[in-house]
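Here are my comments on the model, as numbered points. Please read them with the structure open beside you.

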Amino acid sequence: MLKFENVSFGFGTGKQPLLNNINFGLAAGEFGVLLGENGAGKSTLLRLCNGLLKPQSGTITVCGNSTSAEKTSLIAKSAGFLFQNPDRQLCQKTVREELEFGLRLHGKTDELSSECDEILEEFGLNPDDDPFSLSSGMRQYAAIASVLVCRPSLLLLDEPTSWLDATQTKTFLSVVKKRQQSGTAVLMITHDIKLANRAATRTFTLQQGQLSA
């Protein structure tokens with residue numbers, strides 16, 4: 001599903017790589033959690049997973065497609081990405097339009113009604129609400145739902161619970177675990193060790209540019 005082979009990456013030439021010789025993979029149905037200190041490069045690694053960033057050396061494949069060789073828009077059909085700040089992700093006037101936006105981009109217009117209704121119910125979202133009028137936790141729910149509704153094979157989550165309370169976090173984990181158990185591979189960044197222990201089938205730690213399992 002996801003494979004890194006000897007991947008290195010840095011910002012700017014002549015500087016020490018932020019990520020150095022990274023090797024790991026995730027299979028379908030695995031839930032990987034990525035840990036590490038602030039500034040370790042976790043968000044950078046996640047952006048490499050869906051082609052938003054390209055490796056300086058090495059190879060990254062998502063569902064058999066090289067992120068360097070293929071367009072990011074093609075990789076995005078398999079790899080759903082959640083930014084840490086939902087306000088960077090939301091862009092429509094209603095919650096339903098937000099959910100439909102991704103489905104339309106991926107050509108899944110036949111699934112608009114059924115997929116949207118299911119995810120709205122799972123998260124308790126009102127389809128007619130303006131996403132930007134919602135509380136921070138519900139905005140995070142809307143952003144998460146907009147990714148999940150497209151049913152990506154690989155789910156990339158950058159601090160998905162940072163705006164959620166304990167009850168919302170429990171709901172979030174239940175919904176995502178259901179997708180994982182159906183075969184979705186998940187890679188999630190978190191600083192919440194308790195959440196990592198509850199969620200992960202595999203845990204990775206990023207430190208000084210190296211990844212350890």
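1. Start with a term. Two residues are in contact when heavy atoms lie within 4.5 Å. Buried means under 20% relative accessible area. Keep in mind that this is a predicted model. Now take helix α3, residues 95–105. Its buried residues are V95, E98, L99, E100, G102 and L103. They pack against α4 (112–123) and α5. After α3 comes G107, which has a positive phi near 70°.

2. Look at the four-stranded sheet next. This open sheet has the order β2-β1-β4-β5, and its pairing is antiparallel. β2 (19–26) and β5 are the edge strands, each pairing on one side only. As a general point, strands of a sheet pair through backbone hydrogen bonds.

3. Follow strand β1 within that sheet. β1 (residues 2–9) and β4 (residues 57–62) run antiparallel, joined by five bridges. Which residue in β4 is the bridge partner of K3? The partner is T61. L2 stands opposite V62 in β4.

4. Then move from β4 to β5. Strand β5 covers residues 65–66 and pairs with β4 in the antiparallel sense, over two bridges. T61 stands opposite S66 in β5. The two strands form a hairpin, with two residues between them. In the turn, C63 has a positive phi of about 50°. Helix α1 (residues 42–49) lies across β1, β2 and β4. α1 runs at about 125° to β1.

5. The six-stranded sheet needs its own point. It is open, with mixed pairing and the order β6-β7-β8-β3-β9-β10. Why is one side of β6 (79–82) and of β10 (210–212) left without a neighbour in the sheet? Both stand at the edges, and each has a single partner strand, so no strand of the sheet adjoins that side. From one strand to the next, the twist averages 20°.

6. Check one pairing in this six-stranded sheet. β3 (residues 31–35) and β9 (residues 202–207) pair in the parallel sense, over four bridges. G32 stands opposite R202 in β9. Helix α5 (residues 136–148) packs on the sheet and touches β6 and β7 (154–158). The direction of α5 makes about 175° with that of β6.

7. Now the interior. In soluble globular proteins, nonpolar side chains tend to be buried together. Here the largest nonpolar core has 36 residues. F31, F123, L148, L157, F172, V176 and M188 have the most contacts inside it. At least two residues of this core come from each of β3, α3, α4, α5, β7, α6, β8 and α7 (193–199). Which element gives the most? α5 does, with seven residues.

8. V176 is a good residue to click on. Leaving out residues up to four places away in sequence, V176 touches F31, L148, L155, L157 and V186. Apart from the largest core lies another core, of 29 residues. F4, L34, V62 and L187 are among its members.

9. Compare α4 with α6. These helices pack at an angle of about 140°, and their axes are 10 Å apart. From α4, the residues E118, I119, E122 and F123 meet T171, F172, V175, K178 and R179 in α6. The contact is made up of four nonpolar residues, one polar and four charged.

10. Do not skip the loop after α6. T184 lies between α6 (166–181) and β8 (185–189). Is T184 buried or exposed? Its relative accessibility is 13%, so T184 counts as buried. Beyond residues up to four places away in sequence, T184 touches G29, E30, P152, S153, L155 and R179.

11. Finish with the aromatic rings. The whole structure holds five aromatic pairs. In one of them, the ring centres of F4 and F24 are 4.8 Å apart and the planes are at 35°, so the pair is tilted. F4 sits in strand β1 and F24 in strand β2, 20 residues apart, so to speak of distant parts of the chain is fair. F4 is buried, with a relative accessible area of 2%. F24 is buried too, at 9% relative accessibility. Ring pairs link F4, F24 and F204 into a cluster.

Definitions and conventions: Residues are numbered from 1 along each chain as its sequence is written. This is a predicted model: local features need pLDDT of at least 70, side-chain atom pairs count only at pLDDT 80 or more; totals for chains, interfaces and linings use all residues. Side-chain values use heavy atoms; hydrogens and water are left out. Two strands pair if DSSP finds at least two bridges between them. Buried means under 20% relative accessible area, exposed over 50%, partly exposed in between (1.4 Å probe, protein chains only). Axes are lines fitted to C-alpha atoms, for helices over the stretch in contact, and angles run from 0 to 180 degrees between N-to-C directions. A nonpolar core is a set of buried Ala, Val, Leu, Ile, Met, Phe, Trp, Tyr and Cys residues joined through side-chain atoms within 4.5 Å. Ala, Val, Leu, Ile, Met, Phe, Trp, Tyr, Cys and Pro count as nonpolar, Asp, Glu, Lys and Arg as charged, and the others, Gly among them, as polar. Rings of Phe, Tyr and Trp (its six-membered ring) pair if their centres lie within 6.5 Å; planes under 30 degrees apart count as stacked, over 60 as edge-to-face and the rest as tilted.
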